[in-house]
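User: I'm new to reading protein structures and would like a close look at one part of this one. Could you take me through it step by step?
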Amino acid sequence: MKKIKHFHSLSFKLTIWYILILAMIITLSGFFLYQGYKDKLTDELDKLLFEIADETYEAWRKKRGVSWQEAIQKIETKYSSFPLYIQVVELTEEKPLQIRNFIRSPRIPPGCLQLKPHLYRKADKTDLNDLIHLEVDDKRLCSFPLRTLLIPVRGPRILQVSLSTEERNKALNELILVMGGAGLLLLVLASAGGSLIISKALHPVSKVIKTAKKITADDLSLRIETKERSDEIGALVETFNEMIARLERSVKKIKQFSGDVSHELRTPLTIIRGEVEVLLRKDRKKEEYIQTMQSVLEEVGRMERIINDLLLLSRLEMMESSQLQENIDLSTIASEAISLRKEEASKKGLIIEADLPAPLFLTGHPELLMRLVINLLDNALRYTPSGGKIALEVKREGNNIKLQISDTGIGIPEKDLPFIFDRFYVVDPSRSKETGGVGLGLAIVKWIADFHQAQIQVESKLNQGTTFIISFPQQKNRNDEK
(Lines give C-alpha, C1' and ligand atoms only; values in the text may rest on other atoms or scores of the structure.)
Protein backbone atom coordinates (compact mmCIF):
# COMPACT_ATOMS: atom_id res chain seq x y z
CA MET A 1 0.00 0.00 0.00
CA LYS A 2 1.31 3.45 -0.93
CA LYS A 3 2.60 5.42 2.03
CA ILE A 4 0.85 8.75 2.60
CA LYS A 5 3.21 11.72 2.68
CA HIS A 6 2.85 13.93 5.74
CA PHE A 7 1.79 17.04 3.80
CA HIS A 8 -0.80 14.94 1.92
CA SER A 9 -2.28 13.46 5.10
CA LEU A 10 -5.73 14.40 6.39
CA SER A 11 -4.20 15.38 9.73
CA PHE A 12 -1.85 17.88 8.05
CA LYS A 13 -4.64 19.35 5.89
CA LEU A 14 -7.02 19.71 8.86
CA THR A 15 -4.26 21.38 10.86
CA ILE A 16 -3.57 23.86 8.04
CA TRP A 17 -7.27 24.67 7.72
CA TYR A 18 -7.49 25.05 11.50
CA ILE A 19 -4.50 27.46 11.50
CA LEU A 20 -5.93 29.49 8.59
CA ILE A 21 -9.36 29.83 10.19
CA LEU A 22 -7.83 30.66 13.56
CA ALA A 23 -5.53 33.26 11.95
CA MET A 24 -8.56 34.79 10.22
CA ILE A 25 -10.47 34.97 13.51
CA ILE A 26 -7.48 36.51 15.32
CA THR A 27 -6.96 39.03 12.49
CA LEU A 28 -10.63 40.08 12.47
CA SER A 29 -10.67 40.31 16.27
CA GLY A 30 -7.49 42.42 16.17
CA PHE A 31 -8.94 44.66 13.48
CA PHE A 32 -12.10 45.39 15.47
CA LEU A 33 -10.09 45.90 18.66
CA TYR A 34 -7.70 48.27 16.84
CA GLN A 35 -10.55 50.20 15.25
CA GLY A 36 -12.39 50.50 18.56
CA TYR A 37 -9.27 51.69 20.38
CA LYS A 38 -8.51 54.14 17.57
CA ASP A 39 -12.04 55.57 17.72
CA LYS A 40 -11.73 55.94 21.51
CA LEU A 41 -8.40 57.81 21.24
CA THR A 42 -9.75 59.98 18.43
CA ASP A 43 -12.83 60.86 20.49
CA GLU A 44 -10.59 61.90 23.40
CA LEU A 45 -8.48 63.99 21.04
CA ASP A 46 -11.61 65.65 19.62
CA LYS A 47 -12.82 66.47 23.13
CA LEU A 48 -9.48 68.10 23.91
CA LEU A 49 -9.62 70.09 20.67
CA PHE A 50 -13.11 71.33 21.59
CA GLU A 51 -11.97 72.33 25.09
CA ILE A 52 -8.99 74.26 23.65
CA ALA A 53 -11.21 75.95 21.06
CA ASP A 54 -13.75 76.89 23.74
CA GLU A 55 -11.04 78.34 26.00
CA THR A 56 -9.59 80.31 23.09
CA TYR A 57 -12.96 81.78 22.27
CA GLU A 58 -13.67 82.62 25.92
CA ALA A 59 -10.23 84.25 26.31
CA TRP A 60 -11.07 86.54 23.36
CA ARG A 61 -14.71 87.19 24.34
CA LYS A 62 -14.51 87.88 28.09
CA LYS A 63 -12.00 90.72 28.09
CA ARG A 64 -12.63 93.65 25.88
CA GLY A 65 -9.64 94.84 23.94
CA VAL A 66 -8.02 91.42 23.80
CA SER A 67 -7.13 90.54 20.23
CA TRP A 68 -7.36 87.10 18.70
CA GLN A 69 -3.58 87.05 18.50
CA GLU A 70 -3.31 87.59 22.25
CA ALA A 71 -5.98 85.00 23.03
CA ILE A 72 -4.23 82.45 20.82
CA GLN A 73 -0.82 83.07 22.45
CA LYS A 74 -2.39 82.75 25.92
CA ILE A 75 -3.87 79.35 25.14
CA GLU A 76 -0.73 78.10 23.38
CA THR A 77 1.25 79.08 26.50
CA LYS A 78 -1.18 77.12 28.69
CA TYR A 79 -0.86 74.05 26.45
CA SER A 80 2.80 74.50 25.67
CA SER A 81 3.48 70.77 26.19
CA PHE A 82 1.24 69.95 23.20
CA PRO A 83 2.15 70.38 19.53
CA LEU A 84 -0.77 72.82 19.26
CA TYR A 85 -1.61 75.09 16.32
CA ILE A 86 -4.40 77.69 16.48
CA GLN A 87 -5.54 80.19 13.91
CA VAL A 88 -8.63 82.24 13.12
CA VAL A 89 -9.84 82.44 9.53
CA GLU A 90 -11.76 85.62 8.74
CA LEU A 91 -14.26 85.36 5.90
CA THR A 92 -15.80 88.06 3.70
CA GLU A 93 -19.41 88.99 4.32
CA GLU A 94 -20.26 88.89 0.65
CA LYS A 95 -21.71 85.75 -0.85
CA PRO A 96 -20.14 83.37 -1.58
CA LEU A 97 -17.86 83.59 1.45
CA GLN A 98 -14.20 83.93 0.66
CA ILE A 99 -11.07 83.96 2.84
CA ARG A 100 -10.18 87.53 3.82
CA ASN A 101 -7.45 87.02 6.39
CA PHE A 102 -5.64 84.51 8.67
CA ILE A 103 -4.89 85.41 12.28
CA ARG A 104 -2.13 82.92 13.03
CA SER A 105 -0.13 81.70 15.92
CA PRO A 106 3.59 82.46 15.61
CA ARG A 107 4.02 78.71 15.41
CA ILE A 108 2.27 78.61 12.03
CA PRO A 109 4.34 79.91 9.11
CA PRO A 110 2.40 81.67 6.32
CA GLY A 111 0.72 79.25 3.95
CA CYS A 112 0.65 76.35 6.43
CA LEU A 113 -2.58 74.70 7.56
CA GLN A 114 -4.49 76.61 4.92
CA LEU A 115 -7.52 74.55 3.87
CA LYS A 116 -9.71 74.83 0.80
CA PRO A 117 -12.22 77.75 0.95
CA HIS A 118 -15.23 75.42 0.59
CA LEU A 119 -14.33 73.73 3.90
CA TYR A 120 -14.43 77.07 5.72
CA ARG A 121 -17.72 77.94 4.04
CA LYS A 122 -19.13 74.59 5.11
CA ALA A 123 -17.84 75.08 8.67
CA ASP A 124 -19.58 78.45 8.85
CA LYS A 125 -22.94 76.69 8.44
CA THR A 126 -22.38 74.07 11.17
CA ASP A 127 -23.45 74.05 14.78
CA LEU A 128 -22.06 72.33 17.87
CA ASN A 129 -23.70 69.01 16.92
CA ASP A 130 -22.05 68.62 13.52
CA LEU A 131 -18.67 70.33 13.77
CA ILE A 132 -16.10 69.47 11.13
CA HIS A 133 -13.22 67.24 12.21
CA LEU A 134 -10.53 66.23 9.75
CA GLU A 135 -6.89 65.19 9.61
CA VAL A 136 -4.49 67.38 7.71
CA ASP A 137 -1.01 66.38 6.49
CA ASP A 138 1.49 69.25 6.64
CA LYS A 139 5.09 68.01 6.88
CA ARG A 140 6.35 71.61 7.38
CA LEU A 141 4.75 71.61 10.82
CA CYS A 142 4.66 67.97 11.90
CA SER A 143 5.64 64.57 10.57
CA PHE A 144 2.34 63.16 11.83
CA PRO A 145 -1.14 64.13 10.59
CA LEU A 146 -2.79 67.00 12.48
CA ARG A 147 -6.24 66.41 13.91
CA THR A 148 -8.11 69.62 13.10
CA LEU A 149 -11.38 71.10 14.40
CA LEU A 150 -13.28 73.93 12.66
CA ILE A 151 -15.71 75.98 14.83
CA PRO A 152 -17.71 78.98 13.54
CA VAL A 153 -17.44 82.13 15.70
CA ARG A 154 -18.67 85.69 15.30
CA GLY A 155 -17.32 87.54 12.38
CA PRO A 156 -17.94 85.56 10.20
CA ARG A 157 -14.85 83.75 11.42
CA ILE A 158 -13.74 80.13 11.72
CA LEU A 159 -11.65 79.09 14.72
CA GLN A 160 -9.22 76.38 13.51
CA VAL A 161 -7.51 74.29 16.19
CA SER A 162 -5.04 71.50 15.31
CA LEU A 163 -3.22 68.93 17.43
CA SER A 164 -0.63 66.37 16.34
CA THR A 165 -1.80 62.74 16.25
CA GLU A 166 1.69 61.57 17.25
CA GLU A 167 0.67 60.30 20.70
CA ARG A 168 -2.45 58.62 19.35
CA ASN A 169 -0.55 56.92 16.52
CA LYS A 170 2.24 55.81 18.84
CA ALA A 171 -0.35 54.24 21.15
CA LEU A 172 -1.96 52.51 18.15
CA ASN A 173 1.43 51.24 16.93
CA GLU A 174 2.18 49.85 20.39
CA LEU A 175 -1.23 48.16 20.33
CA ILE A 176 -0.41 46.62 16.93
CA LEU A 177 2.88 45.27 18.29
CA VAL A 178 1.21 43.85 21.39
CA MET A 179 -1.67 42.33 19.42
CA GLY A 180 0.71 40.98 16.75
CA GLY A 181 2.95 39.32 19.33
CA ALA A 182 0.04 38.00 21.38
CA GLY A 183 -1.79 36.84 18.25
CA LEU A 184 1.30 35.08 16.93
CA LEU A 185 1.90 33.39 20.28
CA LEU A 186 -1.76 32.41 20.52
CA LEU A 187 -1.66 31.08 16.96
CA VAL A 188 1.44 28.98 17.66
CA LEU A 189 0.06 27.57 20.93
CA ALA A 190 -3.41 26.97 19.49
CA SER A 191 -1.93 25.39 16.36
CA ALA A 192 0.19 23.03 18.43
CA GLY A 193 -2.81 22.14 20.58
CA GLY A 194 -5.08 21.79 17.56
CA SER A 195 -2.57 19.58 15.79
CA LEU A 196 -2.34 17.37 18.88
CA ILE A 197 -6.13 17.15 19.18
CA ILE A 198 -6.57 16.39 15.47
CA SER A 199 -3.84 13.73 15.55
CA LYS A 200 -5.45 12.13 18.59
CA ALA A 201 -8.90 12.28 17.01
CA LEU A 202 -7.60 10.64 13.82
CA HIS A 203 -5.52 8.04 15.65
CA PRO A 204 -8.25 5.38 15.23
CA VAL A 205 -8.10 6.03 11.47
CA SER A 206 -4.38 5.19 11.57
CA LYS A 207 -5.28 1.98 13.39
CA VAL A 208 -7.83 1.22 10.67
CA ILE A 209 -5.11 1.65 8.04
CA LYS A 210 -2.63 -0.53 9.94
CA THR A 211 -5.25 -3.23 10.54
CA ALA A 212 -6.41 -3.09 6.91
CA LYS A 213 -2.81 -3.67 5.76
CA LYS A 214 -2.66 -6.85 7.85
CA ILE A 215 -5.98 -8.23 6.64
CA THR A 216 -5.80 -10.78 3.84
CA ALA A 217 -8.17 -13.35 2.42
CA ASP A 218 -6.34 -15.96 4.52
CA ASP A 219 -6.86 -14.05 7.78
CA LEU A 220 -9.99 -11.97 8.20
CA SER A 221 -10.21 -12.44 11.98
CA LEU A 222 -8.60 -9.08 12.87
CA ARG A 223 -10.80 -6.36 14.29
CA ILE A 224 -10.21 -2.76 15.39
CA GLU A 225 -10.79 -1.82 19.02
CA THR A 226 -13.50 0.84 19.30
CA LYS A 227 -13.19 1.49 23.05
CA GLU A 228 -16.91 2.26 23.05
CA ARG A 229 -16.55 5.53 21.12
CA SER A 230 -19.88 7.16 20.31
CA ASP A 231 -18.61 9.70 17.77
CA GLU A 232 -18.14 9.57 13.98
CA ILE A 233 -14.78 7.79 14.33
CA GLY A 234 -16.42 5.14 16.48
CA ALA A 235 -19.14 4.71 13.87
CA LEU A 236 -16.47 4.42 11.15
CA VAL A 237 -14.56 1.77 13.12
CA GLU A 238 -17.74 -0.15 13.88
CA THR A 239 -18.77 -0.03 10.20
CA PHE A 240 -15.30 -1.21 9.16
CA ASN A 241 -15.46 -4.12 11.64
CA GLU A 242 -18.91 -5.08 10.36
CA MET A 243 -17.62 -4.98 6.78
CA ILE A 244 -14.69 -7.24 7.69
CA ALA A 245 -17.08 -9.62 9.47
CA ARG A 246 -19.26 -9.79 6.35
CA LEU A 247 -16.19 -10.37 4.19
CA GLU A 248 -15.03 -13.10 6.54
CA ARG A 249 -18.39 -14.86 6.31
CA SER A 250 -18.41 -14.46 2.52
CA VAL A 251 -14.88 -15.81 2.13
CA LYS A 252 -15.72 -18.77 4.36
CA LYS A 253 -18.76 -19.49 2.22
CA ILE A 254 -16.69 -19.19 -0.95
CA LYS A 255 -14.05 -21.55 0.42
CA GLN A 256 -16.71 -23.97 1.59
CA PHE A 257 -18.50 -23.68 -1.75
CA SER A 258 -15.28 -24.32 -3.68
CA GLY A 259 -14.49 -27.31 -1.50
CA ASP A 260 -17.99 -28.70 -1.82
CA VAL A 261 -18.04 -28.24 -5.60
CA SER A 262 -14.67 -29.97 -5.91
CA HIS A 263 -15.84 -32.81 -3.73
CA GLU A 264 -19.21 -33.23 -5.42
CA LEU A 265 -17.71 -33.25 -8.91
CA ARG A 266 -14.74 -35.39 -7.93
CA THR A 267 -16.95 -38.16 -6.52
CA PRO A 268 -18.83 -39.02 -9.76
CA LEU A 269 -15.62 -38.60 -11.79
CA THR A 270 -13.84 -41.03 -9.46
CA ILE A 271 -16.70 -43.51 -9.80
CA ILE A 272 -16.71 -43.19 -13.60
CA ARG A 273 -12.95 -43.66 -13.81
CA GLY A 274 -13.03 -46.66 -11.50
CA GLU A 275 -15.86 -48.31 -13.41
CA VAL A 276 -14.14 -47.76 -16.77
CA GLU A 277 -10.72 -48.98 -15.50
CA VAL A 278 -12.27 -52.17 -14.14
CA LEU A 279 -14.15 -52.65 -17.39
CA LEU A 280 -10.99 -52.34 -19.50
CA ARG A 281 -8.80 -54.77 -17.54
CA LYS A 282 -10.15 -57.74 -19.45
CA ASP A 283 -12.84 -58.76 -21.83
CA ARG A 284 -16.31 -58.60 -20.36
CA LYS A 285 -19.68 -59.97 -21.21
CA LYS A 286 -22.16 -57.76 -22.96
CA GLU A 287 -24.28 -57.52 -19.81
CA GLU A 288 -21.28 -56.22 -17.82
CA TYR A 289 -20.58 -53.54 -20.44
CA ILE A 290 -24.22 -52.48 -20.33
CA GLN A 291 -24.26 -52.42 -16.53
CA THR A 292 -21.07 -50.31 -16.39
CA MET A 293 -22.39 -47.88 -19.00
CA GLN A 294 -25.59 -47.49 -17.03
CA SER A 295 -23.56 -46.67 -13.91
CA VAL A 296 -21.47 -44.18 -15.87
CA LEU A 297 -24.65 -42.64 -17.27
CA GLU A 298 -26.06 -42.24 -13.76
CA GLU A 299 -22.92 -40.44 -12.60
CA VAL A 300 -22.93 -38.24 -15.68
CA GLY A 301 -26.54 -37.37 -14.91
CA ARG A 302 -25.54 -36.55 -11.34
CA MET A 303 -22.77 -34.25 -12.57
CA GLU A 304 -25.15 -32.66 -15.04
CA ARG A 305 -27.64 -31.90 -12.26
CA ILE A 306 -24.90 -30.35 -10.13
CA ILE A 307 -23.66 -28.17 -12.98
CA ASN A 308 -27.17 -27.14 -13.99
CA ASP A 309 -28.03 -26.19 -10.41
CA LEU A 310 -24.79 -24.21 -10.06
CA LEU A 311 -25.46 -22.38 -13.30
CA LEU A 312 -28.99 -21.65 -12.12
CA LEU A 313 -27.71 -20.24 -8.81
CA SER A 314 -25.17 -18.13 -10.66
CA ARG A 315 -27.88 -16.79 -12.96
CA LEU A 316 -30.23 -16.15 -10.04
CA GLU A 317 -27.63 -14.08 -8.17
CA MET A 318 -27.42 -11.70 -11.15
CA MET A 319 -31.17 -11.13 -11.32
CA GLU A 320 -32.76 -7.92 -10.03
CA SER A 321 -36.06 -7.44 -8.23
CA SER A 322 -37.24 -5.21 -11.10
CA GLN A 323 -37.90 -8.42 -13.03
CA LEU A 324 -40.77 -9.22 -10.66
CA GLN A 325 -43.51 -7.59 -12.71
CA GLU A 326 -45.89 -10.40 -13.70
CA ASN A 327 -49.14 -11.12 -11.93
CA ILE A 328 -48.89 -14.86 -11.13
CA ASP A 329 -51.56 -17.26 -9.89
CA LEU A 330 -49.73 -19.41 -7.33
CA SER A 331 -52.49 -22.04 -7.36
CA THR A 332 -51.94 -22.60 -11.09
CA ILE A 333 -48.17 -22.86 -10.60
CA ALA A 334 -48.67 -25.44 -7.84
CA SER A 335 -51.13 -27.45 -9.95
CA GLU A 336 -48.71 -27.61 -12.89
CA ALA A 337 -45.85 -28.67 -10.60
CA ILE A 338 -47.95 -31.51 -9.20
CA SER A 339 -48.76 -32.67 -12.74
CA LEU A 340 -45.04 -32.81 -13.54
CA ARG A 341 -44.27 -34.98 -10.49
CA LYS A 342 -47.43 -37.05 -10.32
CA GLU A 343 -45.99 -39.97 -12.33
CA GLU A 344 -42.80 -40.11 -10.23
CA ALA A 345 -44.89 -40.10 -7.02
CA SER A 346 -46.99 -42.95 -8.37
CA LYS A 347 -43.87 -45.03 -9.15
CA LYS A 348 -42.69 -44.63 -5.53
CA GLY A 349 -46.11 -45.47 -4.16
CA LEU A 350 -46.74 -41.98 -2.82
CA ILE A 351 -49.91 -39.95 -2.78
CA ILE A 352 -49.92 -36.18 -3.48
CA GLU A 353 -52.91 -34.35 -2.04
CA ALA A 354 -53.60 -30.79 -3.14
CA ASP A 355 -55.75 -28.06 -1.62
CA LEU A 356 -55.77 -25.32 -4.24
CA PRO A 357 -58.55 -22.73 -3.83
CA ALA A 358 -59.62 -20.05 -6.25
CA PRO A 359 -56.78 -18.20 -8.03
CA LEU A 360 -54.45 -16.37 -5.66
CA PHE A 361 -52.30 -13.82 -7.45
CA LEU A 362 -48.96 -12.36 -6.46
CA THR A 363 -46.25 -10.36 -8.22
CA GLY A 364 -43.44 -12.72 -9.14
CA HIS A 365 -41.39 -14.63 -11.69
CA PRO A 366 -43.30 -17.66 -13.07
CA GLU A 367 -40.25 -19.82 -13.91
CA LEU A 368 -38.65 -19.22 -10.51
CA LEU A 369 -41.87 -19.93 -8.63
CA MET A 370 -42.30 -23.16 -10.62
CA ARG A 371 -38.74 -24.18 -9.74
CA LEU A 372 -39.37 -23.42 -6.06
CA VAL A 373 -42.49 -25.64 -5.90
CA ILE A 374 -40.82 -28.46 -7.89
CA ASN A 375 -37.72 -28.41 -5.67
CA LEU A 376 -39.86 -28.69 -2.55
CA LEU A 377 -41.87 -31.53 -4.13
CA ASP A 378 -38.65 -33.30 -5.18
CA ASN A 379 -37.32 -32.96 -1.65
CA ALA A 380 -40.52 -34.49 -0.25
CA LEU A 381 -40.49 -37.30 -2.87
CA ARG A 382 -36.82 -38.03 -2.18
CA TYR A 383 -37.16 -38.49 1.60
CA THR A 384 -40.64 -39.97 1.94
CA PRO A 385 -40.79 -43.82 2.03
CA SER A 386 -43.21 -45.77 -0.15
CA GLY A 387 -46.79 -45.61 1.09
CA GLY A 388 -46.34 -42.10 2.42
CA LYS A 389 -48.28 -38.97 1.62
CA ILE A 390 -47.40 -35.46 0.42
CA ALA A 391 -49.81 -32.57 0.98
CA LEU A 392 -49.60 -29.28 -0.93
CA GLU A 393 -51.77 -26.33 0.06
CA VAL A 394 -52.05 -22.71 -1.14
CA LYS A 395 -54.03 -20.31 1.03
CA ARG A 396 -54.47 -16.66 1.90
CA GLU A 397 -53.75 -15.34 5.39
CA GLY A 398 -54.26 -11.59 5.81
CA ASN A 399 -52.17 -9.81 3.19
CA ASN A 400 -50.02 -12.87 2.55
CA ILE A 401 -50.30 -15.94 0.37
CA LYS A 402 -48.87 -19.09 1.92
CA LEU A 403 -47.53 -22.17 0.15
CA GLN A 404 -47.35 -25.20 2.42
CA ILE A 405 -45.84 -28.58 1.50
CA SER A 406 -45.93 -31.41 4.07
CA ASP A 407 -44.72 -34.98 3.89
CA THR A 408 -44.71 -38.07 6.07
CA GLY A 409 -41.02 -38.74 5.40
CA ILE A 410 -37.99 -39.45 7.56
CA GLY A 411 -37.83 -35.89 8.96
CA ILE A 412 -34.82 -33.69 9.70
CA PRO A 413 -32.81 -33.79 12.95
CA GLU A 414 -33.15 -30.58 14.95
CA LYS A 415 -29.40 -29.96 14.89
CA ASP A 416 -29.46 -29.92 11.06
CA LEU A 417 -32.38 -27.51 10.60
CA PRO A 418 -30.26 -24.29 10.66
CA PHE A 419 -28.07 -25.62 7.80
CA ILE A 420 -30.48 -27.24 5.35
CA PHE A 421 -30.50 -24.17 3.06
CA ASP A 422 -26.69 -24.08 2.78
CA ARG A 423 -25.24 -25.16 -0.53
CA PHE A 424 -24.19 -28.84 -0.74
CA TYR A 425 -25.44 -29.49 2.78
CA VAL A 426 -26.78 -33.04 3.02
CA VAL A 427 -28.37 -34.25 6.26
CA ASP A 428 -27.36 -37.89 5.68
CA PRO A 429 -24.39 -38.10 3.25
CA SER A 430 -24.64 -41.89 3.21
CA ARG A 431 -28.06 -41.63 1.55
CA SER A 432 -27.19 -38.86 -0.93
CA LYS A 433 -26.19 -41.27 -3.70
CA GLU A 434 -29.26 -43.39 -3.05
CA THR A 435 -31.67 -40.45 -3.16
CA GLY A 436 -29.83 -38.47 -5.82
CA GLY A 437 -29.66 -35.33 -3.69
CA VAL A 438 -26.61 -33.06 -3.94
CA GLY A 439 -27.61 -30.37 -1.45
CA LEU A 440 -28.48 -27.59 -3.88
CA GLY A 441 -32.27 -27.89 -4.17
CA LEU A 442 -33.14 -26.17 -0.89
CA ALA A 443 -30.41 -23.54 -1.45
CA ILE A 444 -32.22 -22.62 -4.68
CA VAL A 445 -35.56 -22.58 -2.83
CA LYS A 446 -34.14 -20.18 -0.22
CA TRP A 447 -32.74 -17.84 -2.85
CA ILE A 448 -36.01 -17.73 -4.82
CA ALA A 449 -37.98 -17.07 -1.61
CA ASP A 450 -35.62 -14.23 -0.63
CA PHE A 451 -35.84 -12.83 -4.17
CA HIS A 452 -39.64 -12.64 -3.74
CA GLN A 453 -39.25 -11.24 -0.18
CA ALA A 454 -40.95 -14.33 1.17
CA GLN A 455 -40.40 -15.92 4.58
CA ILE A 456 -39.64 -19.64 5.04
CA GLN A 457 -40.62 -21.76 8.04
CA VAL A 458 -39.57 -25.37 8.52
CA GLU A 459 -41.18 -27.78 10.97
CA SER A 460 -39.86 -31.32 11.20
CA LYS A 461 -39.88 -34.36 13.48
CA LEU A 462 -37.79 -37.45 12.97
CA ASN A 463 -39.69 -40.34 11.37
CA GLN A 464 -42.88 -38.23 11.31
CA GLY A 465 -42.35 -35.81 8.46
CA THR A 466 -41.43 -32.28 7.45
CA THR A 467 -43.46 -29.18 6.59
CA PHE A 468 -42.19 -26.20 4.57
CA ILE A 469 -44.26 -23.01 4.79
CA ILE A 470 -43.42 -20.09 2.47
CA SER A 471 -45.26 -16.81 3.05
CA PHE A 472 -45.37 -14.37 0.10
CA PRO A 473 -46.24 -10.73 0.87
CA GLN A 474 -48.04 -8.11 -1.24
CA GLN A 475 -50.32 -10.43 -3.13
CA LYS A 476 -52.46 -8.99 -5.91
CA ASN A 477 -55.63 -10.12 -7.63
CA ARG A 478 -56.94 -9.21 -11.01
CA ASN A 479 -59.54 -6.86 -9.64
CA ASP A 480 -56.75 -4.68 -8.19
CA GLU A 481 -55.56 -3.86 -11.69
CA LYS A 482 -58.90 -2.63 -13.01
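What percentage of the contacts in the protein with a separation of 6 or more is accounted for by residues 24 or more positions apart? And at what angle do helix α9 and helix α11 pack?

Analyst: Happy to help! This is a predicted model, in which local features need pLDDT of at least 70, side-chain atom pairs count only at pLDDT 80 or more, and totals for chains, interfaces and linings use all residues. Residues are numbered from 1 along each chain as its sequence is written, and side-chain values use heavy atoms, with hydrogens and water left out.

To your first question: the share is 65%, where a contact means heavy atoms within 4.5 Å. The protein has eleven helices and twelve strands; these are DSSP runs numbered from the N terminus, with helices (H or I) of at least four residues and strands (E) of at least two. Of its 482 residues, 40% count as buried, that is, under 20% relative accessible area with a 1.4 Å probe, protein chains only.

Now for the close look. Helix α9 covers residues 366–382 and helix α11 covers residues 441–451. Two packed helices are described by the angle between their axes and the distance between the axes. Here the angle is about 145° and the axes lie 9 Å apart; axes are lines fitted to C-alpha atoms over the stretch in contact, and angles run from 0 to 180 degrees between N-to-C directions. On the α9 side, the contact is made by Leu368, Arg371, Leu372, Asn375, Leu376 and Asn379. Among the α11 residues taking part are Leu442, Val445, Trp447 and Phe451. By class, this contact has ten nonpolar, three polar and one charged residues (Ala, Val, Leu, Ile, Met, Phe, Trp, Tyr, Cys and Pro count as nonpolar, Asp, Glu, Lys and Arg as charged, and the others, Gly among them, as polar).

Helix α9 also belongs to a bigger picture: the largest nonpolar core has 42 residues. Such a core is a set of buried Ala, Val, Leu, Ile, Met, Phe, Trp, Tyr and Cys residues joined through side-chain atoms within 4.5 Å. Leu372, Val373, Leu376, Leu392 and Leu403 touch the most other members. Several elements each supply at least two residues, including α8, α9, β9, β10, α11 and β12, and the largest share, ten residues, comes from α9.

Val373 is a good residue to follow. Leaving aside its neighbours within four places in sequence, Val373 is in contact with Ile333, Ala334, Ala337, Leu392, Leu403 and Ile405.

Methods:
Buried < 20%, exposed > 50% of the residue type's maximum accessible area, 1.4 Å probe, protein only.
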